[in-house]
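Morning, everyone. I'll take the empty space, then the two ligands, then one salt bridge. Please have the model open.

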Amino acid sequence: MARILTGIQSSGTPHLGNALGAIEPGIELSQKKDAESFFFIADLHSLTSLKDREKRQESVNAVAAAWLALGFDANRNFFYRQSDIPAVCELNWYLNCFTPFPMLANAHSFKDKSDRLANVNAGLFTYPVLMAADILLYDADFVPVGKDQQQHLEMTRDIAGALNRSVGAEILKLPESVIREDVKTVPGTDGQKMSKSYGNTIDIFSPAKLLKKQVMGIITDSKGMDEPKDPDSCNVFALYSLLASADGIGEMRENYITPGYGYGHAKKELLNLINEKYGAAREKYDLLTAKPQLIEEQLVAGAEKVRPIANEVLGRVKNALGY
Ligand code: ADP
Ligand code: TRP
């Protein structure tokens with residue numbers, strides 16, 4: 001049975017971009033019959049940038065609730081919190097000693113983050129080694145990630161290969177990345193890529209009023225009601241197209257070129273579609289976040305399930321290294 005593994009950072013509440021770009025494709029992958037999925041919340045990684053304990057804990061709950069609310073079956077799969085398996089930190093150390101310094105110094109994401117962030121700590125620098133430990137600790141076969149994480153996957157393979165060569169045995173399994181080429185970049189309310197860091201998100205799990213405000217606030221050009229409009233350069237239409245059926249998209253295209261149809265109408269249609277698609281998930285999300293112990297139970301049970309696997313792999317590594 002193929003083992004699929006991916007980590008999700010706990011840094012805020014998932015938005016429409018995260019749902020369409022990562023959560024829904026992940027859930028779809030986890031429904032394959034001949035695969036088992038290991039999805040975990042990377043709460044140790046989030047400490048590199050998020051120091052506030054309450055915010056971090058809230059985000060663990062928000063991220064877990066989003067996955068469960070959107071339909072991830074935690075019972076059939078493996079769903080856990082990174083920090084519940086401290087073996088990952090021990091493996092991280094062993095891997096550190098097989099990681100060439102220049103490899104980390106040349107990582108795109110480190111360069112990008114160290115240019116942007118005020119606090120450049122060593123955790124940020126060794127981030128890819130902990131990520132390698134996350135993956136190698138569970139003998140993962142496939143790791144679905146966005147394009148920005150591809151280099152981290154190459155590093156994981158390099159580090160595992162270096163350790164294997166050093167001990168002269170295939171102790172660690174080399175994983176393959178699965179890059180989501182077909183997933184479109186979801187635009188935000190200002191037309192740039194939707195991202196927490198740009199403040200342009202559509203928060204599908206926020207209260208109805210706020211969600212409405214975000215959708216009605218999507219930026220468009222200033223064409224009046226009676227002018228025909230260009231769907232292909234409109235952000236509202238782009239978002240609508242990501243959610244609607246082919247027929248729905250066709251109808252909306254007609255509306256755009258027909259005078260008398262305004263952006264306000266299109267935004268209302270978009271809001272209806274979002275509510276239709278995510279209404280039930282939002283109810284479930286509210287239920288879960290109102291009772292964080294329900295989430296905690298799932299995560300604790302998940303940790304129990306993965307611990308023996310982690311210990312077995314760590315044991316193999318320690319044995320090979322002579323500890
Ligand atoms: P953010 O940019 O809001 O901080 P993250 O970097 O935490 O989001 O992204 C988490 C996951 O969601 C990643 O796998 C990423 O590829 C996906 N994702 C984030 N934003 C988008 C988007 N606008 N369109 C498609 N996928 C996205
Ligand atoms: N670095 C990943 C991200 O920012 C999250 C992550 C942590 C991860 N550990 C992982 C992804 C292991 C895949 C496998 O999106």
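Start with empty space: the structure holds one cavity of 30 Å³ or more. A cavity here is a set of points, on a 1 Å grid over the protein atoms alone, where a 1.4 Å probe fits but cannot get out; lining residues have an atom within 4 Å of a point. Volume is the space filled by probe spheres set on the points, and grid points are joined across faces, edges and corners. The largest cavity contains about 30 Å³ of space. Its lining is F40, Y80, Q82, I85, V88, D134 and Y138. Sorted by class, that lining has five nonpolar residues, one polar and one charged. For the classes, Ala, Val, Leu, Ile, Met, Phe, Trp, Tyr, Cys and Pro are nonpolar, Asp, Glu, Lys and Arg are charged, and the others, Gly among them, are polar.

Some ground rules. This is a predicted model: local features need pLDDT of at least 70 and side-chain atom pairs pLDDT 80 or more, while totals for chains, interfaces and linings use all residues. Residues are numbered from 1 along each chain as its sequence is written, chains are lettered from A and ligands numbered from 1 in the order written, and side-chain values use heavy atoms, with hydrogens and water left out.

Keep D134 in mind. It lines the cavity, and it is also among the residues that come nearest to ligand 2, with G7, Y127, M131 and Q149, out of 14 around that ligand. Near means a heavy atom within 4 Å.

Which side chains make polar contacts with nitrogen atoms of ligand 2? Y127 does, at 2.7 Å. D134 does too, at 2.7 Å. Q149 follows at 3.0 Å. The cut-off for a polar contact is a pair of N or O atoms within 3.5 Å. On its own, ligand 2 exposes 370 Å², and the protein buries 87% of that. Those areas come from the Shrake-Rupley method with a 1.4 Å probe. β1 (2-9), β2 (35-42), α6 (122-136) and β4 (142-145) each give two or more residues to the shell. Elements are DSSP runs numbered from the N terminus: helices are H or I, at least four residues, and strands are E, at least two. The shell around ligand 2 has eight nonpolar, five polar and one charged residue.

Now ligand 1. It has 13 residues around it, and H15, R180, V186, S195 and K196 come nearest. Oxygen atoms of ligand 1 meet polar side-chain atoms of H15 at 2.7 Å, of R180 at 2.9 Å and of N18 at 3.1 Å. Alone, ligand 1 has 540 Å² of accessible area; the protein covers 75% of it. The shell around ligand 1 comes out as three nonpolar, six polar and four charged residues.

On to the second largest pocket, at about 360 Å³. A pocket is an open set of grid points with protein on both sides within 12 Å along at least five of seven lines. It has 16 lining residues, with L20, P25, E28, D182 and V183 closest to its centre. The largest share, six residues, comes from α1. The lining splits into nine nonpolar, one polar and six charged.

Last, α1 again. The salt bridge count is 13, with a side-chain nitrogen of Lys or Arg within 4 Å of a carboxyl oxygen of Asp or Glu. One of them joins K277 and E24, closest N and O atoms 2.7 Å apart. K277 sits in helix α11 (residues 263-290) and E24 in helix α1, so this pair ties together parts 253 residues apart in sequence.

Terms used
A polar contact is a pair of N or O atoms within 3.5 Å; within protein, one must be able to donate a hydrogen and the other to accept it, and residues adjacent in sequence count only if both atoms are side-chain atoms.
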